[in-house]
2 protein chains.
Amino acid sequence: MVPHLTTSLTGPLQELERIVLDQRPEIERWFRTQWLEHEVPFYASVDLRNSGFKLAPVDTNLFPGGFNNLNPEFLPLCVHAAMSAVQRICPDTRRFLLVPENHTRNLNYLQNVAVLRRILEGAGFEVRIGSLIPELAGPMEVETSAGEKLLLEPLQRRGNRVGVEGFDPCAILNNNDLSAGIPAILRGIEQPVVPPLVAGWSTRRKSHHFHVYDRVAEDFAKLIGIDPWVINPAFSQCGKVNFSEKEGEDCLAANVEFVLNEVREKYAQYNITEQPFCIVKADAGTYGMGIMTVKSVDDVRNLNRKTRNKMSVIKEGQPVHEVIIQEGVYTFESVDGAVAEPVVYMMDHFVVGGFYRVHTERGVDENLNSPGAKFAPLAFETNCHTPDCAGKPGDPPNRFYTYGVVARLANLAAALEVEELVERDAAPEARAANA
Amino acid sequence: MVPHLTTSLTGPLQELERIVLDQRPEIERWFRTQWLEHEVPFYASVDLRNSGFKLAPVDTNLFPGGFNNLNPEFLPLCVHAAMSAVQRICPDTRRFLLVPENHTRNLNYLQNVAVLRRILEGAGFEVRIGSLIPELAGPMEVETSAGEKLLLEPLQRRGNRVGVEGFDPCAILNNNDLSAGIPAILRGIEQPVVPPLVAGWSTRRKSHHFHVYDRVAEDFAKLIGIDPWVINPAFSQCGKVNFSEKEGEDCLAANVEFVLNEVREKYAQYNITEQPFCIVKADAGTYGMGIMTVKSVDDVRNLNRKTRNKMSVIKEGQPVHEVIIQEGVYTFESVDGAVAEPVVYMMDHFVVGGFYRVHTERGVDENLNSPGAKFAPLAFETNCHTPDCAGKPGDPPNRFYTYGVVARLANLAAALEVEELVERDAAPEARAANA
């Protein structure tokens, strides 16, 4: 079952799909040469929005937490991709330590951890789960939403190595987004950690990602001859806001106005009659926390107490001082009348699957990934690498292929972004600051 | 549906499966480090025989012709594997030329070509089919067993490049085993050809492959602590036979005796009560031509005219002068009483599927791949990379994983073998001889 696109497919997006299908050999060659120069992230997921006239990434997650939502038939794709990634990163590895988020009551998240463990085991590794939960005194068995058992074991540090009791891993796969900062126990260890610690949300910024994405989208648009706006949401940022103290409102208002104006111009150019909107998000935020929809400058001038509270603190109680103001992209895909947002999963160079967040209680202009919000995952029914070039744009394999291409652009931006973060971290002043 | 193993699983093979499952991380690490040092073949298929007490490769094909027999659900695995292979071999490639066998009436073979084309297209290439058929004056459309259309176009040479009319490919995927020799049109071209031309049957020898496999099996057996015989068929060779002239009979008899004695000793050691046999095959043979089953020295002393004729000429009318005498491995797998022989398909580092040759008219000690012989392909129902370590040896995913491991050993041997062929070809005396 594939969501219905409730907009007429006559706008620029159908053109995009047709162009992407026609230029596939060129596109795939371009990706191959990019990956010769840049190290692809071990894994990533990308939230896309599809308005019919625009298909753009709105969030790129380097610690993806929904592998349990993928079509289980594609698990072998994940296993092969993991084998390929490890072949490049650390071929001499036998034992992997998986470091998950600290949630123990989010049973769906735990099932994601179980699937990740299965993928690594499928690729031929011994896997143990090392937890960062501070109060964890000994091994704790938890049960996932699918009834699988996981043993969370306290991380142990010995010299420059981490592990768990009786298990010295050769590499660490991190699935904890490090919102609260890089924990001391993981700093300066000699084992390879993927993704690198600096890719965590204590150092990563959405605005940085989308600055890099600007360049990637520009290059790609030039390659296939399209307006980069069709795949790239406009954005701006504010560095000093404090929602609870009502500070930074002018900066926010000015940048909202700036982004809305950009969108208005583009809508006019393409005869799009929808109302422009933008999304204000914590620049280091995740889990759909610290996010609001804004349709006019007035919306940020008159924030009520509830919204200000919602915006001021995100995951792990981190205060919000930096925000990104991103062009809102309508979601005009729906399943039985409910709004649907595609999420694409990648591992190594490969798109390994995806699913739709299907949401009955949300509007087409709202974020569908929010805390406590219930969504029904709808796994993509075909993979993203075998388009039917004889078929029409909008046919599922072709739509999914196009989704895969745009998601891979975001993944490439993430690769460049992480490269810059690693370089910055290796610079003498950064080393001194971290010491 | 999985073939029934008609032998009790109490012999060394169950032990092999258990050991392979237990030592998976060590095995996968070993393969990864091997592939750092050696270039994996683009694709390969390996015929295995499973006697319950022995699981061994009996033939390794570097121009596999049965991709149409694989479970179509695993096509995405092939696409990913092809993407991975090309990323390593020739990332700048956009256009692939596929060079098939010259058969135009073997509709199943043509369907194999159609599937290969789909895999390459899935990996994002433009694909055209360049035929070596000498009398092909212009493009010829043929229809495959599944009703797909293929356009065979005459190969064209321009300077140091080959292509077809209006199509200059960046690389060539060869699916023609070059039994008749390396055609002049392909010699010395600047485009990469995979597999290398020297991997064709005009230069390749089965005995060379199994000499190399001896080393690989030895190393692997040491790694996991087993008797290498369990995964390695004994063999010998004769360099100067002429079946039609009854020449070389003494050499053949002596080597049959040698191989049978080796097998007798091993059968005695493991209390195996079956009758030892061996298979005499053309050393450069393929398509199941030039093969006979031999149970005693007398069998090669009293060859009738019909057998001598059958043995004297193989594909493309090539005369047979070199033979390999290989330990026969019983096939004790069966489907509804018919003999079944597993064939494992690999692409890049990955096992991408497999099928059983199920044969109602053949015995457990006969070759199941023979000209005109009808077999029903039975696709493996699970992939070969996700064993269920909690399950029993003999459970399908576990048996398939073990098949995948043994097939990858043969693939590794093929990699070393091709390396040696390429080196030999690059040596000054070889260059002079080829000039």
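Entry 1, burial. I take buried to mean a relative accessible area under 20%, exposed to mean over 50%, and partly exposed to be whatever falls in between. With that cut-off set, I looked up B:Arg204 in this predicted model, and at a relative accessible area of 2% B:Arg204 is buried. I then turned to B:Glu417, and the value there is 0%, so B:Glu417 is buried as well.

Entry 2, the pair they form. I found that B:Glu417 and B:Arg204 are joined by a salt bridge, with 2.7 Å between the closest N and O atoms. Because B:Glu417 sits in helix α9 (residues 396-426) of chain B and B:Arg204 in the loop between β11 (193-194) and α5 (206-224) of chain B, the pair ties together parts that lie 213 residues apart in sequence.

Entry 3, shared partners. I next looked for salt bridges that have partners in common, and noted one network made up of A:Glu26, A:Arg29, B:Asp92 and B:Arg94. Within it I looked up B:Asp92 and A:Arg29, whose side chains meet in a salt bridge at 2.8 Å, N to O. This pair crosses between chains, since B:Asp92 belongs to the loop between α3 (75-89) and β4 (95-99) of chain B, while A:Arg29 belongs to helix α2 (residues 24-37) of chain A. Is each partner buried or partly exposed? I read a relative accessible area of 46% for B:Asp92, which is therefore partly exposed, whereas A:Arg29, at 13% relative accessibility, counts as buried.

Entry 4, another pair within chain B. I noted a salt bridge between B:Glu148 and B:Arg117, the closest N and O atoms being 4.0 Å apart. B:Glu148 is in the loop between β6 (140-143) and β7 (149-154) of chain B and B:Arg117 is in helix α4 (residues 107-122) of chain B, so this salt bridge ties together parts 31 residues apart in sequence. B:Glu148 is partly exposed, with a relative accessible area of 22%, and B:Arg117, with 18%, is buried. For the whole structure, over all chains, my search returned 50 salt bridges.

Entry 5, strand β17 of chain B. I looked up the cover of this strand (residues 338-347) and found it mostly covered, with 10 of its 10 residues buried. The side that carries B:Ala338, B:Ala340, B:Pro342, B:Val344 and B:Met346 points one way, the side that carries B:Val339, B:Glu341, B:Val343, B:Tyr345 and B:Met347 points the other way, and all of these residues are buried.

Entry 6, the partners of that strand. Which strands pair with β17(B)? I found strand β2 (residues 43-50) of chain B, antiparallel to β17(B) over 5 bridges, and there B:Val46 has B:Val344 as its bridge partner. Strand β16 (residues 333-335) of chain B also pairs with β17(B) in the antiparallel sense, over 2 bridges, with B:Ser334 opposite B:Val339. Strand β18 (residues 350-359) of chain B runs antiparallel to β17(B) and is joined to it by 9 bridges, and in this pairing B:Val343 stands opposite B:Phe355.

Entry 7, the turns. I looked at the hairpin of β16(B) and β17(B), which has 2 residues between the strands, and in its turn B:Asp336 has a positive phi of about 50°. In the hairpin of β17(B) and β18(B), again with 2 residues between the strands, B:Asp348 takes a positive phi near 55°.

Entry 8, a sheet in chain A. I traced an open sheet of 6 strands with mixed pairing, in the order β6-β7-β5-β4-β10-β11. Its edge strands are β6 (140-143) and β11 (193-194) of chain A, each of which pairs on one side only. At the β6(A) edge, 4 bridges join this strand to the antiparallel β7 (residues 149-154) of chain A, where A:Val142 has A:Leu150 as its bridge partner.

Entry 9, the two copies. I superposed chain A on chain B and obtained a rotation of 180° with 0.0 Å of shift along its axis, at an RMSD of 0.0 Å. The two copies are thus related as by a two-fold rotation axis. In chain A, the C-alpha nearest the axis is that of A:Leu77, at 3.0 Å from it. As for the contact residues of chain A, 100% of them recur in chain B, the same surface serving both copies.

Terms used: Residues are numbered from 1 along each chain as its sequence is written. Chains are lettered from A and ligands numbered from 1 in the order in which they are written. This is a predicted model: local features need pLDDT of at least 70, side-chain atom pairs count only at pLDDT 80 or more; totals for chains, interfaces and linings use all residues. Side-chain values use heavy atoms; hydrogens and water are left out. Buried means under 20% relative accessible area, exposed over 50%, partly exposed in between (1.4 Å probe, protein chains only). Two strands pair if DSSP finds at least two bridges between them. Copies are superposed by least squares on the C-alpha atoms of residues with pLDDT of at least 70 in both. Contact means heavy atoms within 4.5 Å.
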